[in-house]
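Me: Got a minute to go through a model with me? I'd like to look at some backbone angles and their surroundings.
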Amino acid sequence: MSKITVTDVREGPSGIPGRLGKTDVIVTYTVDDVRAYQTRLNKEDSSPEAIRKQITAEEKDRLQVIGMEIEVTPPTPRPK
């Protein structure tokens with residue numbers, strides 16, 4: 001289990017379509033004191049429990065792809 005620490009919580013204007021003119025809460029957190037991330041929530045739904053749920057969901061998604069190796073094949077050049 002990772003140790004997650006919320007390091008900052010700030011309010012700012014939302015840039016999300018449909019929320020322009022409203023306020024969001026930007027939460028900065030660290031995972032195991034190594035990696036830092038931010039997440040954004042609607043100010044109207046930014047209780048400590050909502051923040052916990054949002055971070056937990058993001059970390060669950062992130063852990064599914066950490067360590068994944070992806071091989072990329074260059075595209076075939078177009079004929080001239």
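Reply: Sure. One cut-off first: buried means under 20% relative accessible area, exposed over 50%, and partly exposed is in between. Also keep in mind that this is a predicted model.

Me: OK, so is Asp-32 buried, partly exposed or exposed?
Reply: Asp-32 is partly exposed, because its relative accessibility is 37%.

Me: And which class does Asp-33 fall in?
Reply: Asp-33 has 55% relative accessibility, so it counts as exposed.

Me: Where does Asp-32 sit in the fold?
Reply: In the loop that links strand E2 (23-31) and strand E3 (35-42). Asp-33 is placed in the loop between E2 and E3 as well.

Me: Now the backbone. What's phi for Asp-32?
Reply: Near 55°, so a positive value in a residue that isn't glycine. Most residues other than glycine have a negative phi.

Me: What about phi of Asp-33?
Reply: That phi is near 55° too, positive again, and Asp-33 isn't glycine either.

Me: Switching topic: which residues does Asp-32 touch, leaving out those up to four places away in sequence?
Reply: Ser-2 and Lys-3.

Me: What separates the C-alpha atoms of Asp-32 and Lys-43?
Reply: 27 Å, with the two residues eleven apart along the chain.

Definitions and conventions: Residues are numbered from 1 along each chain as its sequence is written. This is a predicted model: local features need pLDDT of at least 70, side-chain atom pairs count only at pLDDT 80 or more; totals for chains, interfaces and linings use all residues. Side-chain values use heavy atoms; hydrogens and water are left out. Helices (H or I, at least four residues) and strands (E, at least two) are DSSP runs, numbered from the N terminus. Buried means under 20% relative accessible area, exposed over 50%, partly exposed in between (1.4 Å probe, protein chains only). Contact means heavy atoms within 4.5 Å.
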